[in-house]
Amino acid sequence: MGKMTGKWCTEVYKDTALSFKIKKKLYGKRSKYQMVEIYETEKHGNLMALDGCYMVSTAEEFVYHDMLAHVPLFSHPNPENILVIGGGDGGTVREVMKHKGVKSIDFVEIDEDVYTTSKKYFPALVKGLEQDKRVHFLFGDGIKFVKDSKDKYDVILVDGTDPSDIAGGLFSSDFFKDVHNALKEDGIMVMQSEDPWFDSDIIKNVQDRLKKLFLQVHLYLAFIPIYPSGMWSFSYASKKHDPRVIKNKKSKIAKFKYYSEEVHKAAFALPQFVKDAIK
Ligand code: SPD
């Protein structure tokens, strides 16, 4: 059994604490919206926390970003116009850029400091973003932005933080109505929707709200060690496309680090307790 010697960073989430051994704290500053902290960990590379909640680490970021971006992008037959809300660290946009058929990526992040901090401490996440002419940086409120967009996007990816002050609106029925309007008739939306152990009520609310608007609503899972419980959920909604069928023949399923055709399909197989929680 290891002992807790040396320095540690800790996320306290409800009645659980998750700690990582660190070499040092690299950064800590309050932005206009939230506390932004970066730690250099012993085993997970650099780790970003926003308002005390872990968001991204060098070692594990590929899981979250592969699964948020590639599941919807391979479920749509021809995704061209994409909107990314949040995801200020850049990782989600970087994955979208891998799809050659994508023509335009609107990237709307409320907190520009998250992007500038990521640029410094997670250069691999923002690699190529500023050089890719398809990426449009639109720093501002994604909730307002989506309200003003009609029938425009093939895929909308919501890469928010946990539903507190800043991201709470991203889990609301009003936001989902605006997302529905902003999508084309066969559009797809995927959002991170918390974990089934601590937050099954949030997942159920999200799924119920989406079911009132969309024909296809599904939940899928991935395993991310830096988030409390490690089991993470994504909520999928589409006016048309069933995500259990891979329809995108234009993008090649390259060798991703987490995503593959098998993982895509298997991610929708839910443990019974998760099925029961969202029934
Ligand atoms: N509790 C963690 C929620 C994570 C949401 N976003 C992560 C950002 C990665 N781009």
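This report walks through a sheet, its helices, a ligand site, a buried arginine and two cysteines.

The structure is a predicted model.

**The sheet**

Seven strands form an open sheet. Their order is β8-β7-β6-β9-β10-β12-β11, and the pairing is mixed. Strands of a sheet pair through backbone hydrogen bonds, in parallel or antiparallel fashion. The edges belong to β8 (135–137) and β11 (216–223). Each of these two has a single partner strand, so one side of each lacks a neighbour in the sheet. From one strand to the next, the twist averages 15°.

Two strand pairs show both kinds of pairing. β6 and β7 (residues 104–108) run parallel and are joined by five bridges. In this pair, Val 84 stands opposite Phe 107 of β7. β6 itself is mostly covered, with five of its six residues buried.

β10 (residues 183–192) and β12 (residues 231–238) run antiparallel. Five bridges join them as well. Here Gln 192 faces Phe 234 of β12.

**Helices on the sheet**

Helix α6 (residues 200–211) packs on the sheet and touches β10, β11 and β12. Its direction makes about 150° with that of β11. Helix α5 (residues 173–182) lies across β6 (81–86), β9 (153–159) and β10. Relative to β10, helix α5 runs at about 140°.

**The ligand site**

Which residues are around the ligand? They are Tyr 54, Met 55, Tyr 64, His 65, Asp 89, Asp 159, Gly 160, Asp 162, Gln 192, Tyr 227 and Trp 232. Gln 192 thus appears here and also in the pairing with β12. Three side chains each have an N or O atom close to a nitrogen atom of the ligand, as the table lists.

| Side chain | Ligand atom | Distance |
|---|---|---|
| His 65 | nitrogen | 2.7 Å |
| Asp 89 | nitrogen | 2.6 Å |
| Asp 159 | nitrogen | 2.8 Å |

**A buried arginine**

Where is Arg 134 found? Arg 134 sits in the loop between α3 (112–121) and β8. Is Arg 134 buried or exposed? Its relative accessible area is 17%, so Arg 134 counts as buried.

The side chain of Arg 134 makes two polar contacts with backbone oxygens. One is to Met 97, at 2.8 Å. Another is to His 99, at 3.1 Å. Leaving aside neighbours within four places in sequence, Arg 134 is in contact with Met 97, His 99, Lys 100, Val 102, Lys 103, Ser 104 and Ile 105. Ser 104 in this list belongs to the residue range of β7.

**Cysteines without a disulfide**

How many disulfides does a search of the whole structure find? The search finds zero. A disulfide is a covalent bond between the sulfur atoms of two cysteines. Why is Cys 9 not bonded to Cys 53? The sulfur of Cys 53 is the closest cysteine sulfur to that of Cys 9, but it is 12 Å away, too far for a bond. The cut-off for a disulfide is 2.5 Å between the sulfur atoms. Seen from Cys 53, the closest cysteine sulfur is that of Cys 9, again at 12 Å.

Both cysteines are buried. Cys 9 has a relative accessibility of 3%. For Cys 53, the relative accessible area is 14%.

Definitions and conventions:
Residues numbered from 1 in each chain as written. Predicted model: local features only at pLDDT ≥ 70, side-chain atom pairs only at ≥ 80, totals over all residues. Heavy atoms only, no water. Buried < 20%, exposed > 50% of the residue type's maximum accessible area, 1.4 Å probe, protein only. Pairing = 2+ DSSP bridges. Helix = DSSP H or I, 4+ residues; strand = E, 2+ residues; numbered from the N terminus. Axes fitted to C-alpha atoms, helices over the stretch in contact; angles between N-to-C directions. Contact = heavy atoms within 4.5 Å. Near = heavy atom within 4 Å. Polar contact = N/O pair within 3.5 Å; in protein donor to acceptor, adjacent residues only side chain to side chain.
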